[in-house]
Amino acid sequence: MLFKTTEEHEALRSKVRKFAESEIKPIAFMLDQNNEFPTEAVKQLGEMGLLGIPYPKEYGGAGLDYISYAIAVEELARVDGGSGVILSAHTSLGAWPIFGFGTEEQKKKYLVPLAQGKKLGALGLTEPNAGSDASGTQTTAVFNGDHYILNGGKIFITNADKAEVYIVIAVTTPGIGTKGISAFIVEKGFKGFTFGDHYDKLGIRSSSTAELIFNNVKVPKENLLGKEGEGFRIAMATLDGGRIGIAAQALGIAQGAYESAVDYALEREQFGKAIAYQQAISFKLADMATKLRSARLLVYSAAELKENHEPFGMESAMAKQYASDIALEVVNDAVQIYGGNGYLKGMDVERMYRDAKITTIYEGTNEIQRIVIASHIVGKAPKEESYAKKKGSGAVTGERKKQIFSDGTPQEQVNALVETLKKDGFDFTIGIPVDTPIIDAERVVSVGKGIGSKENMDIAIELAKAAGAAIGSSRPVAETLRYLPLNRYVGMSGQKFKGNLYFALGISGAGQHLKGIKEANTIVAINNNPNAPIFKNADYGIVGDILTIMPLLTKALGTEEKKPAPPMVRMKKRTPKKLAKNYKIQICNGCGYEYDQELGDDEGGIRAGTTFDKLPEEWICPVCGEAKDQFIEI
């Protein structure tokens with residue numbers, strides 16, 4: 001058995017390396033500094049046939065194998081980690097599900113332009129409550145005649161908003177766990193399909209990463225991928241293959257750092273000779289080379305198994321976990337070999353140091369990879385008995401009242417909101433300066449991108465004065481639009497609000513923002529998108545245009561000068577009251593087992609909250625196996 005790539009593989013490597021060295025490496029520093037997507041380079045990759053490497057020529061691909069694909073990702077990542085993941089996400093996550101599960105019509109319509117490089121693809125799987133545990137998906141798709149209505153959102157999506165074709169995972173049958181999840185092909189441009197801001201990341205900054213937002217998006221029924229209920233299986237199969245791409249990306253980053261370190265070690269002299277000949281450095285280089293060869297054999301082996309339709313799930317998890325782990329070790333040693341120079345911006349090893357970390361996180365964290373590997377060895381562990389109940393409502397900010405004021409005119413809705421807040425104990429005759437630090441503020445009026453032009457900030461500030469509150473914002477308003485200083489944005493990565501009253505105006509509810517307000521006593525949301533996540537995480541809300549609501553709310557709260565507020569005292573949080581059970585209990589006629597919809601049947605894949613009539617007909621008593629029709633209602 002000869003562990004060696006073919007002449008064709010090395011010819012492809014030479015081709016991709018030449019392109020990467022001439023077209024990407026010269027601009028890699030600026031792409032990183034400017035958080036910029038390499039649009040022209042990706043277009044050239046398509047023209048070279050590199051965006052469809054492993055797909056048959058009949059579908060527009062190059063007809064090459066998966067080792068060729070891994071080599072291409074590796075060589076791009078060798079000079080820029082972000083460019084490597086653009087190819088990986090497009091090929092493994094955007095195109096492969098259509099190739100693996102699509103109809104002939106879907107392949108001709110979507111796979112062909114993806115493989116030809118005329119369009120870019122992406123996968124919409126991750127959500128605030130569905131990361132490592134994809135069964136926590138909350139995006140929904142409701143069938144309505146000849147189409148599905150898609151609502152919800154996805155976070156951390158690679159190639160968003162640059163991609164034109166997205167594979168989106170959504171719940172079609174609530175309450176039955178992973179069996180109720182389906183997959184859809186969604187086109188950029190579908191009405192109601194929008195994007196959040198491009199994330200400002202630590203590394204792989206040339207790769208575009210953003211949120212997907214679905215607001216009553218009509219998806220034609222023919223865009224269902226596979227059958228209803230197969231979405232989770234499609235997602236898991238996709239990730240198995242995707243891990244080969246991420247492993248190749250990690251390998252490429254490590255290879256680039258290693259080569260750079262070798263060159264520098266041969267050039268840098270200390271104590272009369274190149275540091276490469278100092279044993280402390282030469283041993284580092286030896287260990288780096290050994291780790292790289294081990295990782296490369298794992299990556300290529302997993303790719304070869306996939307190419308030959310052999311089981312490869314465990315091997316791809318091993319490749320991804322090991323390659324990304326050693327990538328961190330190799331780039332760390334490379335920076336150490338460079339010494340102080342390696343810590344400077346503009347040095348390739350400094351950028352690679354930042355790029356490498358993400359490879360241990362996405363496509364399943366390395367902790368998840370170890371779970372996958374172990375499950376192939378010892379089998380899957382039984383679920384905890386109370387798992388379904390623990391999943392809860394999924395609100396990032398905890399239990400909230402979620403009361404929406406929708407009756408009457410906007411003025412009447414505002415009046416109802418203000419009256420409710422006063423009943424809750426809020427005194428709007430007192431206030432604090434609008435420039436009070438967020439962390440010290442008892443109340444904050446915070447604006448998102450829905451504020452529009454900068455002139456509208458004056459309206460928001462007047463509202464803050466009327467509410468007796470400090471002014472704040474979402475991250476994009478402060479960082480991208482620069483309407484407010486950076487120290488006024490609220491979120492997990494910014495200032496955390498722990499006061500009594502938080503107004504979220506035109507803020508959709510990104511996960512990092514919600515985590516920054518989860519300790520707020522009361523959250524009020526105003527947004528024109530009824531499906532915005534902020535409403536699931538708020539106590540009170542009004543669906544409407546904030547530029548219409550804000551002046552009405554300002555007037556209702558009172559524009560008179562406020563008396564200075566006393567030192568902040570945390571108010572008692574008014575959580576929703578738990579109501580007595582108002583539903584029937586179903587009893588098994590065979591053994592007396594009670595089905596309680598509040599608990600569901602976790603072992604049977606039935607989520608908490610599923611009513612008895614929504615149970616699948618094939619569901620049976622988990623104790624004695626009696627059929628559903630043998631249950632008696634009491």
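Start by selecting Gln586, which touches Tyr593, Glu594, Tyr595, Phe612, Phe631, Ile632 and Glu633 when residues up to four places away in sequence are not counted. Bear in mind from this opening view onwards that the model is predicted. Gln586 belongs to strand β19, which covers residues 586-588, and with a relative accessible area of 9% this residue is buried. Add Ile246 to the selection and draw a line between the two C-alpha atoms: Gln586 and Ile246 are 340 residues apart along the chain, and the line spans 48 Å.

Now zoom out to the whole chain and colour it by secondary structure, where 17 helices and 21 strands are assigned. The radius of gyration is 27 Å, close to the 26 Å that the globule rule gives for 634 residues, so the protein chain is as compact as a globular protein of that length. If you align the view to the principal axes, the C-alpha atoms fill a box of roughly 75 × 70 × 45 Å. Of the contacts with a separation of 6 or more, 69% are between residues 24 or more positions apart.

Switch next to a surface representation, of which the protein chain exposes about 28800 Å², with carbon and sulfur atoms supplying 53% of that area. Buried residues, by contrast, make up 52% of the 634 residues. Colouring by charge shows 75 positive and 78 negative charges, whose mean positions are 3 Å apart.

Hide the surface and select Leu150, Val186, Val299 and Ile337, the residues that touch the most other members of the largest nonpolar core, a set of 109 residues. Helix α7, residues 231-267, gives the most to this core, contributing 15 residues. Staying with Val299, and again not counting residues up to four places away in sequence, you can display its contacts with Ala70, Ile244, Ala247, Ala248, Leu251, Ala319 and Ala323. A second, separate core comprises 33 residues, and Ala467, Ile546, Ile549 and Leu553 are among them.

The next stops concern the backbone. Select Ala160 and Asp161 together, and look at the peptide bond that runs from the one to the other, which is cis, with omega near 0°. Asp161 itself is found in the loop that links β3 (147-158) to β4 (165-171).

From there, go to Asn35, in the loop between α2 (28-34) and α3 (39-47), where the residue has a positive phi of about 55° although it is not a glycine. Asn35 counts as buried, since its relative accessibility is 16% and the cut-off for burial is under 20%.

Then select Phe271, in the loop between β9 (269-270) and β10 (273-274), which likewise is not a glycine and has a positive phi of about 55°. Is Phe271 buried or exposed? At 80% relative accessibility, Phe271 counts as exposed, the cut-off for that class being over 50%.

Finish at Thr420, which you will find in helix α13, residues 410-423. Thr420 has a relative accessible area of 17% and is buried. With neighbours within four places in sequence left aside, Thr420 is in contact with Phe405 and Tyr540, so showing these side chains together completes the view of this site.

Terms used. Residues numbered from 1 in each chain as written. Heavy atoms only, no water. Helix = DSSP H or I, 4+ residues; strand = E, 2+ residues; numbered from the N terminus. Rg over C-alpha atoms; globule rule 2.2 N^0.38 Å. Buried < 20%, exposed > 50% of the residue type's maximum accessible area, 1.4 Å probe, protein only. Contact = heavy atoms within 4.5 Å. Areas by Shrake-Rupley, 256 points an atom, 1.4 Å probe, with all protein chains shown as cover. Lys, Arg positive; Asp, Glu negative; His and termini not counted. Charge placed at Lys NZ, Arg CZ, Asp CG, Glu CD. Core = buried A, V, L, I, M, F, W, Y, C linked by side-chain atoms within 4.5 Å.
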